[in-house]
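Dear colleague,

I am passing on to you the structure we spoke of, together with some notes on its cavities, its surface and its salt bridges. Please read them with the coordinates open.

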Amino acid sequence: MAGLIILAIVSCWTELALTIPLHYVFRDNDWQRISAPRNGGDKNYLEYIFKKPRHLMTCIFGIVFIIFGNLAGNALQFGIFMSIAISPRCGEREKCLNQRNVVGWAVGVLTFCALLNIMTRRYAIGLNNLFAVAKVAFVFVIAILGIIYGSVNGGTCRQISWMSPVLPDGTTQNGGKIGDLALALFYAMYPYTGYEQPYYVLAEVSQPQRVFARATTVAMLTAAVLYPLTNLSYLCMTPYIGNDQLPENMAIAFFERLSGHNTSTIQAHDDNNNAAISGVAALLAFFIFGNLMAQTYTASRVKQEIAKEGILPYSLFFATGNDTLLSRLSSSSSESTPSKSDHYPRHHRPAISELDSHREQAPIPATILHWVFEILLVLVVGLTIEPSKAYRLLTYLYTFIIVGVLGLFTAGGLLYLKIESYIQRRRASKQQHTRGEPVTVKGRNWHEKSVWQPWLDPLPAIVATVSLAFLLFAAFVPGSLTNARSKHPGFGNDYDENNTGDIAWWIGPLVGWGSVGLGVLWWLGLQFVQWSGRWELETKRLPVVEIDAHGQAIQRAELVEHNHVPVGGY
């Protein structure tokens, strides 16, 4: 179910990504409308769909993404796994798991990813690709091994039971409530959330109009098959029966069982067992590092795009790209010294002035902005809540806000464009039939502008909009576990995988929608600043677009200018 929802969202994003932004170029003695993909992802789509009020959607997306557009939760999980790798007898929920050590590991890995992002672009891309291939291979091996093991060793796959837990008074806990479904789907959607990363840097993707739609669809279908099989594989290796407590980490339990050790012996003085736990924990931390590195690369570029709109203090500073540190170090010592007539130092010279010879660049100020907010989340949440609960809370917030809220605005907006286009075309068709002459179609006319439509269009937009709308509001309904705890204090504390412990169930949804309100407040503040200063923000973005050998438009660079245009008078 979660995979289908994400696949519908991806279809919406792909249609928008390959169409927006639109440019007009003079070619073959005529003005032609072309699509040249730009970095920024759903920021671009939302700004195109919701043009009025000016800057409102930019502020909502910008503030939400600057604060929550990071993997602070994964960084804490990295710290947990590194702590377990060093002290394998200390489980995720054990008191011996030092909270400060976990936070220290999290801060360290985020800092290293940020440094890597500003040091090199080329090698960062290569490492990201390497991690992606390794992760897919790892998930594939997990999915196959568990099912084979379960089939060969006593048919443990057939022992999986979905019996409801028994309450202390002997009654059975009834699941399947709306709150349970919403919570389960949010956590089931989180493993798929990497889908948005290539859209954030689409301007850096080779031949996106030719290969991107097909490659993205194949990748998501592969994930939609592998992830459920992996969960089945885990349960085949460690069957769940009735009220059994699931292991605190299924991946570690998987390899323990595979190596011939029982999960219950985790605290035993068994050197072989401890070595297996350490190895698996280190391997999982390694893959989390890959996720953090990829997200740092993409998210920093989205924050650069946000700064280009001029809604932040010192926007042009954060919008600027600079030569990477490695490119400066590797530059030839014989390079000529800039003359006094040069307006910029060599490492600050705009790439637009030398498209074919400039050094590789990275959004260094935007990377620092990204790093500051993810470190703040790690410190604020990681030091106040126990690590495993902090991880679940932050991953829930990321899914709710970045995937859910922004996804609803995007999919719902695309559905609006399709409906509006259909209505206008029907109206024009009737007028043409009545008048007997061609009639110009009014409105946004999305049907004519869209360069790619998914299979069964507009079904993906409908599925994504309805599903996300349901989830975002159903999240305010308490689940059956919450109700059971209210009647039987302490019930369910031993298996808290889908809950945030002592945190009330409504905190996550409230923070999620509250972040949208924060964006609205930022927009109101921007309006007040403009009103009090008697000026209006005007952003000019001049893209440098080239047509490649395949006839596709490619954005090579962009010149950004912010102007405060005087309005009114005293």
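Which helix supplies the largest share of the lining of the largest cavity? Bearing in mind that this is a predicted model, the answer is helix 15, which gives three residues to that lining. Helix 4 (72-86) is also involved, since it and helix 15 (387-435) each supply at least two residues of the lining. The residues in question are Phe 68, Asn 70, Ala 72, Gly 73, Leu 377, Leu 394, Leu 397 and Tyr 398, and by class they comprise six nonpolar, two polar and no charged residues. The volume of this cavity is about 50 Å³, and the model has three cavities of 30 Å³ or more.

The second largest cavity, at about 40 Å³, has a lining of eight nonpolar, one polar and no charged residues. Strand 6 (residues 553-566) gives the most to this lining, with three residues, and the residues around the cavity include Ala 553, Ile 554 and Gln 555, as well as Ala 36 and Pro 37.

Strand 6 comes up again among the salt bridges, of which there are 15. Arg 38 and Glu 558 meet through their side chains at 3.5 Å, N to O, and this pair links distant parts of the chain, with Arg 38 in the loop between strand 2 (30-35) and helix 2 (42-49) and Glu 558 in strand 6, 520 residues apart. Both of these residues are buried.

Glu 305 and Arg 541 form another salt bridge, at 2.5 Å from N to O; Glu 305 lies in helix 11 (residues 271-308) and Arg 541 in strand 5 (residues 535-547), so the pair ties together parts that are 236 residues apart in sequence. Glu 305 and Arg 541 are likewise buried, and salt bridges with shared partners join Arg 38, Lys 43, Glu 47, Glu 305, Lys 308, Glu 309, Arg 541 and Glu 558 into one network.

By contrast, the salt bridge between Arg 121 and Glu 204, with its closest N and O atoms 3.1 Å apart, involves residues that are partly exposed, Arg 121 having a relative accessible area of 26% and Glu 204 one of 30%.

On the surface, finally, Phe 140, Val 141, Ile 144, Leu 145, Ile 148, Val 152 and Leu 258 make a nonpolar patch of about 590 Å². Helix 6 (residues 122-152) contributes the largest share, six residues, while Leu 258 lies in helix 10 (residues 250-258) and counts as partly exposed at 33% relative accessibility.

With best wishes

Conventions. Residues are numbered from 1 along each chain as its sequence is written. This is a predicted model: local features need pLDDT of at least 70, side-chain atom pairs count only at pLDDT 80 or more; totals for chains, interfaces and linings use all residues. Side-chain values use heavy atoms; hydrogens and water are left out. On a 1 Å grid over the protein atoms alone, a cavity is a set of points where a 1.4 Å probe fits but cannot get out, and a pocket is an open set with protein on both sides within 12 Å along at least five of seven lines; lining residues have an atom within 4 Å of a point. Grid points are joined across faces, edges and corners, and a volume is the space filled by probe spheres set on the points. Helices (H or I, at least four residues) and strands (E, at least two) are DSSP runs, numbered from the N terminus. Ala, Val, Leu, Ile, Met, Phe, Trp, Tyr, Cys and Pro count as nonpolar, Asp, Glu, Lys and Arg as charged, and the others, Gly among them, as polar. Patches are made of residues with over 30% relative accessible area and no salt bridge: like charges are joined within 9 Å, nonpolar side chains (Val, Leu, Ile, Met, Phe, Trp, Tyr) within 5 Å. Accessible areas come from the Shrake-Rupley method with a 1.4 Å probe; for residues, only the protein chains shown count as cover. A salt bridge is a side-chain nitrogen of Lys or Arg within 4 Å of a carboxyl oxygen of Asp or Glu. Buried means under 20% relative accessible area, exposed over 50%, partly exposed in between (1.4 Å probe, protein chains only).
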